Amino acid sequence: QVQLVESGGGLVQAGGSLRLSCVASGNIVSIISMGWYRRAPEKQRELVAVITRSGTTNYADSVKGRFTISRDSAKNTVYLQMNSLKPEDTAVYSCNVFVDSGWGRSSQWGQGTQVTVSS
């Protein structure tokens with residue numbers, strides 16, 4: 001079993017910043033990638049940012065230049081620094097981790113954390 005615990009969501013005014021954290025624990029041999037997705041009301045879930053174990057990052061066009069994903073491999077933790085937030089960033093943000101548990105690889109999801117940006 002792999003557990004993900006997210007934190008850092010909340011309410012912020014437009015132009016403000018938030019930092020999300022996600023800690024992975026449990027049956028983990030190695031983490032292949034860690035990322036953040038979001039789902040806004042009445043919209044499909046979309047990729048926000050992902051970082052591989054080699055440090056390669058990928059961002060949605062809508063957040064490039066404003067969001068930064070990083071990881072602390074020693075702590076199995078991924079962060080999402082969100083700056084210059086806009087009302088359209090309002091969504092439930094979920095952490096996703098692709099792990100190797102020794103017996104196989106799997107994709108794990110966190111419970112999600114609400115981010116609300118007021119105008």
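Salt bridges come up 4 times when the whole structure, a predicted model, is searched. Some of these are not loners: R38, E46, R66 and D89 are joined up in a network of salt bridges. R38 is a good place to start looking at that network. One of its partners is E46, and here the closest N and O atoms sit 2.7 Å apart. Another partner is D89, where the side chains meet with an N to O distance of 3.0 Å. That second pair links distant parts of the chain, with R38 in strand β4 (residues 30-39) and D89 in the loop between β8 (77-82) and β9 (91-100), 51 residues apart.

How do these residues compare when it comes to burial? R38 has a relative accessible area of 6%, so it counts as buried. D89 has a relative accessible area of 1%, so it is buried as well. E46, on the other hand, comes out at 33% relative accessibility and so counts as partly exposed, as the range for that label runs between 20% and 50%. In other words, the bridge from R38 to D89 has a buried residue at one end and a buried residue at the other, while the bridge from R38 to E46 has a partly exposed residue at its E46 end.

Away from R38, there is also a salt bridge between the side chains of D61 and K64, at 3.1 Å from N to O. D61 has a relative accessible area of 64%, which is over the 50% cut-off, so this residue is exposed.

Back in strand β4, there is S30 to look at. Its side chain makes a polar contact of 3.4 Å with the side chain of R53. Leaving aside residues up to four places away in sequence, S30 touches R53, V99 and D100.

Strand β4 also has a part in the aromatic story. The count of aromatic pairs comes to 1. This pair is made by Y37 and W109, which are arranged edge-to-face, with 5.0 Å from centre to centre and 65° between the planes. Because Y37 lies in strand β4 and W109 in strand β10 (residues 105-109), the pair ties together parts that are 72 residues apart in sequence. Y37 is partly exposed, at 23% relative accessible area, and W109 is partly exposed too, at 34%. W109 has another visitor: R45 lies over the face of its ring, 3.9 Å from the ring centre.

Next comes strand β7 (residues 67-72), where the side chains take turns. Which of them are buried, and which are not? F67, I69 and R71 point to one face and are buried, whereas T68, S70 and D72 point to the other face and are not. Strand β7 has a neighbour in β8, and the two pair in the antiparallel sense over 6 bridges. T68, for one, has Q81 in β8 as its bridge partner. In the hairpin made by these two strands, 4 residues lie between them, and N76 takes a positive phi near 50°.

Note on methods
Residues numbered from 1 in each chain as written. Predicted model: local features only at pLDDT ≥ 70, side-chain atom pairs only at ≥ 80, totals over all residues. Heavy atoms only, no water. Buried < 20%, exposed > 50% of the residue type's maximum accessible area, 1.4 Å probe, protein only. Polar contact = N/O pair within 3.5 Å; in protein donor to acceptor, adjacent residues only side chain to side chain. Contact = heavy atoms within 4.5 Å. Pairing = 2+ DSSP bridges. Phe/Tyr/Trp six-rings, centres within 6.5 Å; stacked < 30°, edge-to-face > 60°. Lys NZ or Arg CZ within 6 Å of the ring centre and 35° of its normal.
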